[in-house]
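Trainee: Could we go through the charged pairs together? I would like to see how each label is earned.

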Amino acid sequence: MDTGIAVDTASGIAMDAATDMKQAMRQRHTVRKFTSKPLLPELISQLNDRVRANNERLGLAISLKVGDGSALPGALKLFFAKGVRNYFVLAGSDRPGLDEDLGYASADLMLFAQTLGLDTWWIGGTFNRKNVEQAVPGKKVIGIVAVGFGVTPGVAHKSKTAAEVGSYEGPAPQWFADGVQAALLAPTALNKQCFRIAGEGGKVSISENGGTFSGADIGIVKYHFELGAGNAFEWA
C-alpha cells in the first residue's frame, strides 16, 4: 500500500522522523544513573507501540518493564548504577540471526526513546538474568536496555576514526562516509568498536571479531549506518 510517506532508510523510518532520529543519534550517550521521575502513561504507550512495531517487523519478543527495580544485582546498583526501574527486555525465540535482529531493534528503541527526552543504557552481562527471564518464559534474552530520565545526559564515548573501521573499494561516496560516521556513534560492547565496514559498488558489509555480543553489535551498527547513509546502498 502506498502511504504517501517517503522512507529514508531500510529500517522503514519516514523521512520527517528520520531527521529527529539522526539528531537523537548525535545526542544519545550511555547513562547509568537515573532519577526517580516515573514514566508517564503517554510515554509508556509510545514506547510500547515502538516495541510492538519492532517485534512485528523482525519476529521478536521484546517487552517493556516499568517500575521494576529487580533487573540489576544489588552490588551494581550500590556502586555503579542508580535508579534503573524501567527497561526493555531484549528477547526472542532462539534462531540464527536473533542476536543481530535484537541489536538492530534495540538501536531503534534507544534512539526513539531519545527523541522522547529519555536516556538509555544497553546492559549485556551484568543484569539479573533469572529475574529478567521470568518476564519472557521460553525466550532467549541477550540483554536489557534501561530507559528513563538520566541524572545527567552522559558523555560521548572514546571513538576510533573512520579510517580505522571503514574502507571502500575506490573513491568513497558521501553516503558511505556519512554511514561510517553514524556507525561510530553506535554503542558497542565495552565501547571497543570491534567492527569493520567494507563497501564496493554500492554494496556494504559489516564484520565483527566474534565476541560474545558481536551479533548484537552488528545489528546496532547496521541500524546506525542505515540512518546515516540513507537508502543509497544494499547490504552485501
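Mentor: Happy to! Let's begin with the term: a salt bridge is a side-chain nitrogen of Lys or Arg within 4 Å of a carboxyl oxygen of Asp or Glu. Keep in mind that this is a predicted model.

Trainee: Why is the pair Arg129 and Glu133 called a salt bridge?

Mentor: The N to O distance between their side chains is 3.3 Å, and the cut-off is within 4 Å, so the pair qualifies.

Trainee: What separates Arg129 and Glu133 along helix 5?

Mentor: They are four residues apart in helix 5 (residues 129–133), so about one helical turn lies between them.

Trainee: What makes Arg129 partly exposed?

Mentor: Its relative accessible area is 35%; partly exposed covers values between buried, under 20%, and exposed, over 50%, so the label fits. Glu133, at 31%, is partly exposed too.

Trainee: How do you know that Lys222 and Glu100 form a salt bridge?

Mentor: Their side chains meet at 2.9 Å, N to O, and the limit is within 4 Å, so the term applies. Lys222 belongs to helix 8 (residues 214–229) and Glu100 to helix 4 (residues 98–115), so this pair ties together parts 122 residues apart in sequence.

Trainee: Why is Lys222 called buried?

Mentor: Lys222 has a relative accessible area of 19%, and buried means under 20%, so it meets the cut-off. Glu100, at 27%, is partly exposed.

Trainee: How many salt bridges are there in the whole structure?

Mentor: The search finds six, including Asp101 with Arg95 at 3.0 Å, N to O. Arg95 is partly exposed, with 29% relative accessibility.

Key: Residues numbered from 1 in each chain as written. Predicted model: local features only at pLDDT ≥ 70, side-chain atom pairs only at ≥ 80, totals over all residues. Heavy atoms only, no water. Buried < 20%, exposed > 50% of the residue type's maximum accessible area, 1.4 Å probe, protein only. Helix = DSSP H or I, 4+ residues; strand = E, 2+ residues; numbered from the N terminus.
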